[in-house]
Amino acid sequence: MIKLKNITKIYDVSKNDKVKALENVNLTIKEGELIVLKGASGSGKSTILSLIAALSKPSSGEVIVDGKQISKLPDNFASIYRRDNIGFIFQKYNLIPTLSVKENILLPLVPLNPDSEEADEKIQEVMKRFHIEHKEDSVVRNLSGGEQQRVAIARANVNNPKIIIADEPTANLDEKLSQHFLEILRELKSLNKTIIIATHDPLFIGLDFVDREIEIHNGKIV
Amino acid sequence: MIFTPEVLTIFILNFIFAFFAIIAFVLSVKIFLKWDLNSTTQSQYKLEKQSYLAATIIKYIFAIKVPLFLFFIFTLDKLSHVLTGAMCAAGVVDATPYGTYLFIIKIINLYLFAYWLMLHSADIKEENQPYTKQKFGLFIIAFFLLMAELILEGVMFSSIDVDKMVSCCGSLYSSSATSYISNIFLIDTPTLLTLFYGNFLFIILFYFLKNRYLFAISNIIFIIISLISIIVFFGTYIYELPTHHCPFCFLQKDYHYIGYLLYALLFGGTFYGIIAGFINSSQKERAKNCKISILLSSVYVILLSLYPIIYFIKNGVWL
C-alpha cells in the first residue's frame, strides 16, 4: 500500500523563483494496482513518481509505503528501499550504451552481491520473459528502440520489485512497439506488481487492465 | 612571529576550518533548537537537508583535525631547531604563555572530535537517526573549543620570538622545576606503577565483567595516569637517562619516532574504551569497540613495559 498524505513539493529554482510542483496531494494506491497518472508536461506526474521512489523528498507531507514513512528516510536508507522495492522504467531507458544487454540487466543485482550462478539464473529468467534473450551479448547502443525498452523493463524486474514505476514509457516508441509495451504491462499486472505510470500518451486511456486513471493538473489531483 | 611552511599550512587550514565551522555552527543551532523527526512540515524537511550539509562539513573538519594533531606535534618539533635553547617540542610549547593551554585544549578536542565522529557514524547507521540532536548539540560546544584552539594556535605561533632564549625540556620536566609539572615528581615510583598497572588491570577486569561505564571511566583515568607515568618513570628508560623526563623527545628520529606510535596507541585504546561506554550502539558494535580498546591498550602497556625490562636485562640495574 502506497499513501501520499498532504504532499506539497516546491522546487527552488533560485532564491526568488519557486515552482510549486504539487500542492496538498492525497493519494492511496493499493498493492497490485495499476495506476495511470495523466496530465500535461509540468503537471507534477513525474514528481509523484520521484517521491514514491524516494528519489526526492516532499516539501511537506508524508509518503508511506507498506507502513514505512519513506519520505523521512536518510539517503543511505532511501537507496536500500529503492534497491529492494522499486523497478524503474525511464522514458529514455537510461541504459549504459557501452555494456551488453546482460551486463545492463545485471546492474541492479551488483549491490546485493549474489553468486554468479544465482545472478545468471535471474537474468536469464527476465530476458526470456521480456523476449530479449537472443540479444544477450549485444552491446546496447546497437539495439533498436523497442529492444532497448525491453532491456530496460528486464532490468527493472530483475530484482523482482514490488513496485514498478514508469515515466513516459512509450514516448520514444512507435505505435506497434507501444502496443507491445502494453502487453508487457498486462503481464506485469498479472504478477501482482503495483505499477504506476506517468504518461500523456492517449494509448493508456480506457485500458481494461488499468485500475485507475488519475488526472493531475497544476500539481493537484483533479 | 614565526613563519615556516608547516606554520603557514596550519594557518591556512585553520582559516578554512573556521570559515566552514561557522556555517556548520549556524545550522547546528537551528537543528538543535527545532529538530523534530516526527514532524512532516516544510521546516523539518528543510532541517533534514541542512543537517546533511552541516554533518558533512563537521565530519570533514574533524576527520582532518584528528590526524592533524600529529602534524601539530611534528611542527613544534621542527620549530625547536630554530629556537635557542629548545631541544624538542617542549621548549616550543613553553616559549609563550599560550603553549600549555593550547596543548591541553588540543588534547581535549582530539577526544571530543573523535567522539563526535563516532556519534555521527552511529547516528547515520540507524533509520531514525537517534543521535542527531545530541551530535549537533555536542558540535555547538565543540565549536567554541575549536575556535578557542584555532585562536590560541594563531596567537601562540604569532607570539614566538626567535631571538628569545627558551627553556629546554630537561629543565621543564624535572623535580626541581618551578612549574606545576614538578608536583607530579612527588609521587613515588612504586605508587605510580601500582596505579598504572592497577588501572590497566581494572580496564581488563571491567572488560570481562562487561561493565561498559566503569570500563569507560577506567580508560579516562588511564589517559592521565599514563601521561604521568611516561614523564616520571617510563621516559627515563626510553632515553636511558635517569634525569630526562621529557614526553616529547621520544617523538624524534633519535628514538625511532616511537612517541608517535605510543601516543597513537594510547589515544586509540582509551578513545575506543570511552565510546564503548558512552555511545548506545549495538551490542556487537560495542563489543568490537571494547576489543579494539583492549588490544591497543595492551600493545601500549607491553611496549612501554619493555623499555625498563630490556634496560634491566642489558644493565642489571633499575634507573
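**Exercise 1. A cysteine and its contacts**

Leaving aside neighbours within four places in sequence, which residues is B:C169 in contact with?

*Solution.* The model is predicted, so every step rests on computed geometry.
- Step 1. Start on one side of the sequence: B:C169 is in contact with B:M87, B:C88, B:A90 and B:G91, among others.
- Step 2. Complete the list: B:C246, B:F248 and B:C249 are also in contact with B:C169.
- Step 3. Place the residue in its core. B:C169 is among the residues with the most contacts inside the largest nonpolar core, along with B:I58, B:C88, B:A89 and B:A90. That core has 80 residues.
- Step 4. Assign the core to domains. At least three of its residues come from each of domain 1 (5–159) and domain 2 (169–315) of chain B.
- Step 5. Look beyond this core. Another core lies apart from it, with 51 residues, including A:V36, A:L49, A:I86 and A:I216.

**Exercise 2. Two domains of chain B**

Describe how domain 1 of chain B meets domain 2 of chain B.

*Solution.*
- Step 1. Set the bounds: the domain assignment gives 5–159 for domain 1 and 169–315 for domain 2.
- Step 2. Take the centres over C-alpha atoms. They are 25 Å apart.
- Step 3. Count the contact: 16 residues of domain 1 of chain B touch 15 residues of domain 2 of chain B.
- Step 4. Find the elements on the domain 1 side. In chain B, α2 (42–79), α3 (89–93) and α4 (99–124) each supply at least two residues. The largest share, seven residues, comes from α4(B).
- Step 5. Sort that side by class. It has 13 nonpolar, one polar and two charged residues.

**Exercise 3. The sheet of chain A**

In what order do the strands of the open sheet in chain A run, and which stand at the edges?

*Solution.*
- Step 1. Read the order: six strands, β6-β7-β8-β3-β9-β10, with mixed pairing.
- Step 2. Find the edges. β6 and β10 (220–221) of chain A each have a single partner strand, so one side of each is left without a neighbour in the sheet.
- Step 3. Check β6 against β7. Strand β6 (residues 86–89) of chain A pairs with β7(A) in the parallel sense over four bridges. A:G87 stands opposite A:I164.
- Step 4. Go to the other neighbour. β7(A) and strand β8 (residues 194–199) of chain A pair in the parallel sense over five bridges. Here A:I165 faces A:I196 as its opposite residue.
- Step 5. Trace the connection. β7(A), helix α6 (residues 175–190) and β8(A) make a right-handed β-α-β unit.
- Step 6. Move along the sheet. Strands β3 (residues 34–38) and β9 (residues 212–217) of chain A pair in the parallel sense over four bridges. A:V36 has A:E213 as its bridge partner in β9(A).

**Exercise 4. Burial in β7(A) and α6(A)**

Are the residues of β7(A) buried or exposed, and why does A:L182 count as partly exposed?

*Solution.*
- Step 1. Count in the strand: five of the five residues of β7 (residues 163–167) of chain A are buried.
- Step 2. Split by direction. A:I163, A:I165 and A:D167 point one way, and A:I164 and A:A166 point the other way.
- Step 3. Turn to the helix. A:L182 lies in helix α6 of chain A.
- Step 4. Apply the cut-offs: buried needs 20 or more C-beta neighbours within 10 Å, and exposed means 12 or fewer. A:L182 has 16 inside 10 Å, so A:L182 counts as partly exposed.

Conventions. Residues numbered from 1 in each chain as written. Chains lettered and ligands numbered in written order. Predicted model: local features only at pLDDT ≥ 70, side-chain atom pairs only at ≥ 80, totals over all residues. Domains from an automatic or database assignment. Contact = placed C-beta atoms within 7 Å. Nonpolar A, V, L, I, M, F, W, Y, C, P; charged D, E, K, R; others polar. Core = buried A, V, L, I, M, F, W, Y, C linked by C-beta atoms within 7 Å. Pairing = 2+ DSSP bridges. Right-handed = clockwise from strand over helix to strand, strands pointing away.
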